[in-house]
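Please open the structure in the viewer and keep the selection tool ready. The tour begins at one side chain and then widens to the whole chain.

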Amino acid sequence: MLAREVALEVQAPTSTNLDRRISILIPVFNEEEYIGAILERVLAAPLPAGYGHQIIIVDDGSTDASFDLIQEFCKAHPGIAQCARHDRNRGKGAAIRTALALAQGEYCIVQDSDLEYNPQDYEAMFQPLTDGVADVVYGSRFASSTRRRVLYFWHEVANRFLTTLCNVAADLNLTDVETCYKAFRTPLLKSIPLRSDRFGFDPEITIKVSKRQARIYEVPITYEGRTYDEGKKIGILDAFAVLGAILRYWITSDLYTESGAEILDAFAVAPRFNAWMAGVIEPFLGQRVLEIGAGMGNLTRHLARRRKRYVATDIDQEHLSRLAARLRHLVHVEVRTCNLTVAGDFAPMRDAMETVVCLNVLEHVEDDLAALRNMASALEGGGRVIVLVPHGQNLFGSLDVVLGHVRRYSHQQLRESLERAGLQCEQILDFNRVSRPAWYMNSRVLKRSRISRFQLHMFDRTVWLWRRLDRWLPWPPTSIIAIARKPR
């Protein structure tokens with residue numbers, strides 16, 4: 001996609017310490033008067049201890065000498081600065097997308113190419129990120145700060161109006177949505193599809209990180225705004241475009257670059273279904289529980305209640321970050337990385353847990369026998385493993401492919417796998433017959449790659465009925481749940 005959108009001239013960094021850098025994303029359009037000065041200020045700006053600069057400058061089709069100056073800077077600072085160029089002006093949002101594709105730092109920040117924003121504020125911007133309390137930080141021009149240049153009244157009125165409307169759409173209380181200074185954990189920003197080409201980027205990313213339940217902080221920054229005579233570019237048409245972007249992203253849920261993650265997120269709008277699933281397995285839980293593949297915590301929030309110790313695990317860093325945010329008030333809950341196929345990840349919990357819960361994970365693993373043995377290693381003698389998997393290989397279709405399923409299980413296949421892993425299968429429960437026809441239609445007939453949020457929402461509203469009728473339906477289940485015990 002990037003190759004079709006831009007003509008790139010790239011000078012790649014040579015540093016091998018990529019994860020300990022700050023990626024500074026600088027969109028540029030006709031800034032020959034200021035670009036040299038701002039680049040030197042960015043280079044001189046203090047960063048959090050232990051982090052280096054990755055300066056990424058994208059010339060957005062400038063018609064002046066901006067790109068010549070950018071190239072000179074990159075040549076003077078190899079391994080630190082790199083550049084790309086659009087063949088024509090496409091807008092701030094498009095330039096940020098291009099820069100983000102090149103970002104390799106642990107964190108990133110958007111930096112305008114004029115002199116309105118002071119890179120000396122970087123340390124304050126990144127403090128909540130490096131402290132581990134934030135996923136996103138906004139630098140506010142309207143929060144209390146040391147100084148702010150006094151400029152246009154109506155410009156500020158429009159800004160505050162758009163901020164208020166965006167806050168309504170995102171359910172936030174930000175003071176400055178249109179600020180340039182926005183800092184992110186880079187993997188989070190890369191995982192969000194960005195569609196806006198111009199200044200719609202600001203409300204788009206604000207609404208999307210809110211819907212992703214990211215931890216958002218605000219810090220005051222200094223601001224030396226410039227007049228239109230001095231080169232300010234945003235105008236009334238951009239304000240209307242921002243308004244349109246707010247309305248668009250308010251009503252849509254385009255939150256993930258990967259379809260599988262989008263499907264998992266869709267289940268966050270199905271609390272009744274999640275409660276149904278949790279209710280089925282809760283009677284088998286002990287007080288010390290290890291959950292494998294907790295994902296975004298849709299089930300964790302139900303299962304973790306009234307436990308003495310609950311360890312929620314995953315291998316996806318974005319899922320782990322969201323888990324930490326959603327479960328931060330539950331002091332008995334631990335969030336950690338644990339790969340089902342890596343025996344070493346289970347060593348700290350060996351023989352320590354009463355229950356291991358593995359819901360919709362085992363079907364992703366090629367060597368499911370090794371995975372079951374790893375789960376068993378975390379159990380004390382007499383402890384239980386609870387495994388939920390999709391049922392019926394004849395139902396395997398496009399949605400299984402998108403979700404990364406290796407297989408769907410039969411009752412016999414699941415029972416044999418548990419017993420080969422040294423576990424005693426006590427019972428296998430049928431679960432969720434009602435959704436089987438819809439899954440077959442969407443996955444096998446229509447070959448869809450996404451689950452409709454509307455369909456899921458409507459299904460969720462009638463779960464109270466289906467959970468009562470489910471056992472009487474005459475066809476096989478969509479999923480099966482095995483309860484197995486580790487010998488004493």
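Which side chain does a polar contact of 3.3 Å join to that of Tyr117? The partner is Arg141; a polar contact is a pair of N or O atoms within 3.5 Å, where, within protein, one must be able to donate a hydrogen and the other to accept it, and residues adjacent in sequence count only if both atoms are side-chain atoms. The model is predicted: local features need pLDDT of at least 70, side-chain atom pairs count only at pLDDT 80 or more, and totals for chains, interfaces and linings use all residues. Residues are numbered from 1 along each chain as its sequence is written, and side-chain values use heavy atoms, without hydrogens and water.

Keep Arg141 selected and add Asp176: a polar contact of 2.7 Å joins their side chains. Next, display the backbone around Arg141, which lies in the loop between strand S5 (136-140) and helix H6 (153-170). Helices (H or I, at least four residues) and strands (E, at least two) are DSSP runs, numbered from the N terminus. Arg141 counts as buried because its relative accessibility is 5%, and buried means under 20% relative accessible area (1.4 Å probe, protein chains only).

Now select the whole protein. Of its 488 residues, 54% count as buried. Colour by secondary structure to find 19 helices and 14 strands. Finally, turn the C-alpha trace, which spans about 75 × 45 × 40 Å along its principal axes.

Technical notes: Buried < 20%, exposed > 50% of the residue type's maximum accessible area, 1.4 Å probe, protein only.
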